[in-house]
Amino acid sequence: MQKYHQNDVKIIEKTPIREGFLSIYKLQLQHRLFAGEWSPVFEREVMDRGHAVVVLPYDPSNDALVVLEQFRVGALDTGASPWLLEFVAGMYDSHDETAEQVAHRELEEEAGLTTESLHYALTYLSTPGGCTEKISIYIALVDSSKAARHAGLATENEDIRVHVLPFSDVVQLLEAGKINNAASVIGLQWLQLHKRQFEDL
């Protein structure tokens, strides 16, 4: 339903401010206005950190979710614990890697699990006002009894505590504000809406 698309934006100049794990660029650009004419040239800064995949490991036989607990530096200033409750997640290792490949890799690395039943849920933009990151969410049907107790790659300084919790308990954690990672909130709410389709698989 959107009136305009990619060809209604002109990038005049793109200047790197910082390049690294978190890259920041300054753009000079203009775009069409809803009245029909072009906007003046204006400036925006945008962060490029690549794209990510999130996986909710769900065990339909036991109506349980595998939840991870790990340290997140971005949560240091919240006043609460920077060890967040969240789901399996990871970045693409290369431009050739598919979302499904990322999902399988991260599921094994972070939870010690495999799946033969991976289901696409949705894709969203994290914070498009200033960041290019796109996150794709999948539901993985798993045997939660095979989940690791601790996981993560030492080479990436990951130290992950793995929990297996009843689905209803995870929803209570969400309602209590204990799950406050955006991707986990969105993924869990999506699963609440669509959970019935996985219960008989």
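This is a chat about strands, pockets and helices in a predicted model.

Me: Hi! Let's start with the sheet. What order do the strands have in the open sheet of 3 strands?
Reply: Happy to help! The order is β1-β2-β3, and the pairing is antiparallel.

Me: And which are the edge strands?
Reply: Those are β1, residues 9-18, and β3, residues 42-48. Each of them pairs on one side only.

Me: How much are neighbouring strands turned against each other?
Reply: On average by 30°, if you ignore direction.

Me: Can we zoom in a bit? Over how many bridges do β2 and β3 pair?
Reply: Strand β2, which covers residues 23-31, pairs with β3 over 7 bridges, in the antiparallel sense. If you want a spot to look at, find Ile-24, which stands opposite Met-47 in β3.

Me: Nice. New topic: pockets. How much space lies in the largest pocket?
Reply: About 1,400 Å³. The lining is made of 42 residues, and the closest to the centre of this pocket are Arg-49, Phe-71, Arg-72, Glu-86 and Asn-181.

Me: Which strand or helix gives the most to that lining?
Reply: That's β6, with 4 residues. Several elements supply at least two residues each, including the strands β4 (52-59) and β5 (64-71) and the helices α1 (99-111) and α3 (182-194).

Me: How does the lining of the largest pocket split by class?
Reply: There are 18 nonpolar, 11 polar and 13 charged residues.

Me: OK, and the second largest pocket, how much space lies there?
Reply: About 870 Å³. Here 27 residues form the lining, and Gln-6, Val-9, Ile-11, Leu-29 and Pro-128 are the closest to the centre.

Me: Which strands each supply at least two residues of that lining?
Reply: Our friends from the sheet: β1, β2 and β3 each do so. Of the contributors, β3 gives the most, with 5 residues. By class, the lining of this second largest pocket divides into 12 nonpolar, 7 polar and 8 charged residues.

Me: Last topic, helices. At what angle do the axes of α2 and α3 cross?
Reply: At roughly 130°, and the axes come within 11 Å. Helix α2 is residues 167-175.

Me: Why are α2 and α3 called oblique to each other?
Reply: Because only angles over 145 degrees count as roughly antiparallel, and 65 to 115 as roughly perpendicular. The crossing at roughly 130° belongs to neither range, so α2 and α3 are oblique to each other.

Me: And is the crossing left-handed or right-handed?
Reply: Left-handed, as α2 passes α3.

Key:
Residues numbered from 1 in each chain as written. Predicted model: local features only at pLDDT ≥ 70, side-chain atom pairs only at ≥ 80, totals over all residues. Heavy atoms only, no water. Pairing = 2+ DSSP bridges. Axes fitted to C-alpha atoms, helices over the stretch in contact; angles between N-to-C directions. 1 Å grid on protein atoms, 1.4 Å probe; cavity = no way out; pocket = protein on both sides within 12 Å on 5 of 7 lines; lining within 4 Å. Points joined across faces, edges and corners; volume = space filled by probe spheres on them. Nonpolar A, V, L, I, M, F, W, Y, C, P; charged D, E, K, R; others polar. Parallel < 35°, antiparallel > 145°, perpendicular 65-115°, else oblique. Left-handed = near helix turned anticlockwise from the far one by under 90°.
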